[in-house]
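Colleague: Could you take me through this model feature by feature, giving the general idea before each case?

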Amino acid sequence: MKLRLILAAKLVGAFALAVPVQAQADNSVALVLGTKGSPFYQALQCGAMEKAEELGLALNVSAPELFAADVQVPVVNAVTAASPDVAVIVPTDMQALIPPMRELAERGTQVMTVDQTIADTSFLETQILTDNEAGGAMAAQALSELLGGEGKVLVITQPPGSLAQDARTAGFEAELENHPGLEYLGAQYQRNDPQRAAEIVTSTISAHPDLAGIFATNDQGAIGAITGLRQADAAGRVKMVAYDASSAQVSALKNGELQALIAQNPKQQGQVAMELAAQLIAGESLPEITLTEIVTITSDEPEKAERYEYIADCM
Amino acid sequence: MSEQATNLVYHDRASLEERLLNLLATGWIFLLLLVLVAVFYALRPEQFGSAYNIQQLAINAAIFMVLAVGQTYVIITAGIDLSVGSVLVFASVVSAKVMLFLSGEPGTTFGTTEAGWGIVAVGVLTALAAGAAWGALNGALVAYARIPALIVTLGTMGMALGFAQIITGGVDVRAMPERMVTHIGSGELLGIPVLVLIATATVIVAGIMLHLTRFGLHVYAVGSNEEAGRRSGIRVHRRLVAVYTLCGMTAGLAAVMANARFGTTTIGGHVMANLTTISAVVLGGTSLFGGKGSVFGTVVGVFIPIILLNGFVILGIPPFWQTVAMGAVLIAAVWVDQLKRRLRKRS
């Protein structure tokens, strides 16, 4: 009994000692990616790691198993428990991530988003984004140029609900208004599943043998669409523009199965995130939104494609 | 006469040994849980051991806990339910739609509504009923149509998700009653999160029902030997339907909890819920071949991956290692189960 009391007292003591300490290594930064094993997020991670080392930040990277809110929330909670100085998060849902991220901010961590964002930005220090709508419009322009302004076009995207993908489709559709020669067949949904994208392409070609162009709003859709075109023996004849620049997409661009890429620069996003984190730690305030670049890469620019390719060159 | 007597004695001894072995099986996984907690605590006491983190661990476990309790019942009958995640999504969507309709703002897909407790109650009942309906369908197909549970629930997994997408057009319903989100999703009662209280109550009720009632005994009997169960007068088909319905209802309850917690439906999520709960149940010492298992074991099994993830993130271990560690623990758990079986055969 006595022993137990002493033990209990010690435990309480340990807790009491532990609570005010709360200290991690100074300049600690947490980066929570959208999902594990994606070349895009790994490239972002590489950019961040490189910059963090240069700036003397202690960076911890974590990622959920899937790009889904229910899987990411526990990761954000754990980051909250670790209470770093700054947390950079790729939120996987614009609403479900608000409460855990607000809690993270309320417990003294300075929070910013990168790549994606959330509906309530009141507690964020900044959002690092690309202009997805502009990217969608760039895709429409590139496709129109490839097709000489005429033909049937199809969009392959994610089901509605992802801000970024929705914006790309919206931007593409809006820009189509300026190209009356292009006949829009509408958007078809794949769920990050190349197999589905391939099926969509082959069955669309069955329905519309004169399909002229495809815009895929992400790499999985593009990879599947290329497979579908190959299967239908239409690769190269049907022009394709795709968002992102994964290795598979870049090699498809080089061998002529894909005619143009709308590339982001994940490495730059990671670097910018760390620069902004360092500024936050130094007590500076940041603009509400920081935009990073997007570029159009056409098939006659292989070196540019290599420069923008999403590669995790640090792993 | 004397032969019967020795048989009886032998049986008693076997069951004692069995019990000890069972204890060992759930025991070692419990030990593993304690070791994980001790290691993470020792490495990062002020972060891992903080009251905040412990509370978050419990909240993160809550939804899986409710789902895994239903799964435990199903697996004890030698069945499996792959549809839990999709049924959760379906129930959450239907419940959210009903609450949105009743609160008179059917156009809104964002923010929160002013719905009162009456509407929330209707939403909860809708979710439970929707879950139970899918469960009953699963059970009927398994028991009466005699289709293997793996196939039945694989089918309903797709159907439930598909219907959820049809109902919503694939767009999450984002307007939940404010009261539900603040009082259930992030609310506390006596300092304990409401979600954790719901999970705890579910575990206690399910545990009592499984281990102390006739219904529970029948569940074990159906799982260990269906034919023997039938011959001793158990209405096996009805019991199976009841078990799957119960599992569906836990998915419905989990749907309410998810809606309250995330403040939105999560159609794209819960993809891994079936495998997560099945591995939690197996980790907890429940046999995939049926007839054996406990709710307590499942509770331990649910916490293992959650604590692993939390600890790894806090320690800053690269994300892929968590996946590897989880897989290894699962295989080790089943291996111990096999060892146990072999020991039993030898005795």
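Colleague: How are helix 3 of chain A and helix 3 of chain B oriented to each other, parallel or antiparallel?

Modeller: Two packed helices are described by the angle between their axes and the distance between the axes. In this predicted model, the axes of helix 3 (residues 69-82) of chain A and helix 3 of chain B come within 9 Å and cross at roughly 170 degrees, and the two helices are therefore roughly antiparallel to each other. Axes are lines fitted to C-alpha atoms, for helices over the stretch in contact, with angles running from 0 to 180 degrees between N-to-C directions; under 35 degrees counts as roughly parallel, over 145 as roughly antiparallel, 65 to 115 as roughly perpendicular and the rest as oblique. Helices (H or I, at least four residues) and strands (E, at least two) are DSSP runs numbered from the N terminus.

Colleague: Which residues make the contact of these two helices?

Modeller: Contact here requires C-beta atoms, placed from the backbone, within 7 Å. Helix 3 of chain A contributes A:P74, A:N77 and A:A81, while helix 3 of chain B contributes B:Y52, B:N53, B:Q56 and B:N60. By class, this contact has three nonpolar, four polar and no charged residues, where Ala, Val, Leu, Ile, Met, Phe, Trp, Tyr, Cys and Pro count as nonpolar, Asp, Glu, Lys and Arg as charged, and the others, Gly among them, as polar.

As to conventions, residues are numbered from 1 along each chain as its sequence is written, and chains are lettered from A and ligands numbered from 1 in the order in which they are written. Local features need pLDDT of at least 70 and side-chain atom pairs count only at pLDDT 80 or more, whereas totals for chains, interfaces and linings use all residues.

Colleague: How many residues of each chain are in contact across the whole interface?

Modeller: On the chain B side 34 residues are in contact with 31 residues of chain A, and the largest share of the chain B side, five residues, comes from helix 13 of chain B. That side has 14 nonpolar, 17 polar and three charged residues.

Colleague: Turning to chain A alone, what does the domain assignment give?

Modeller: Domain bounds come from an automatic or database domain assignment, which for chain A gives domain 1 (25-124 + 266-292) and domain 2 (132-264). Their centres, taken over C-alpha atoms, are separated by 30 Å, and the contact takes six residues from each of domain 1 and domain 2 of chain A.

Colleague: How is the open sheet with parallel pairing ordered in chain A?

Modeller: Two strands pair if DSSP finds at least two bridges between them. This open sheet of six strands has the order 2-1-3-4-5-11, with parallel pairing; strand 2 (58-62) and strand 11 (289-291) of chain A stand at the edges, each with a single partner strand, so one side of each is left without a neighbour in the sheet. The twist averages 20 degrees from one strand to the next.

Colleague: And what is the order of the sheet with mixed pairing?

Modeller: Its six strands, also in chain A, form an open sheet in the order 7-6-8-9-10-12. Strand 6 (residues 151-157) and strand 8 (residues 211-216) of chain A pair in the parallel sense over five bridges, and the bridge partner of A:K152 in strand 8 is A:L211. Helix 8 (residues 219-231) of chain A packs on this sheet, touching strand 6, strand 8 and strand 9 (239-243).
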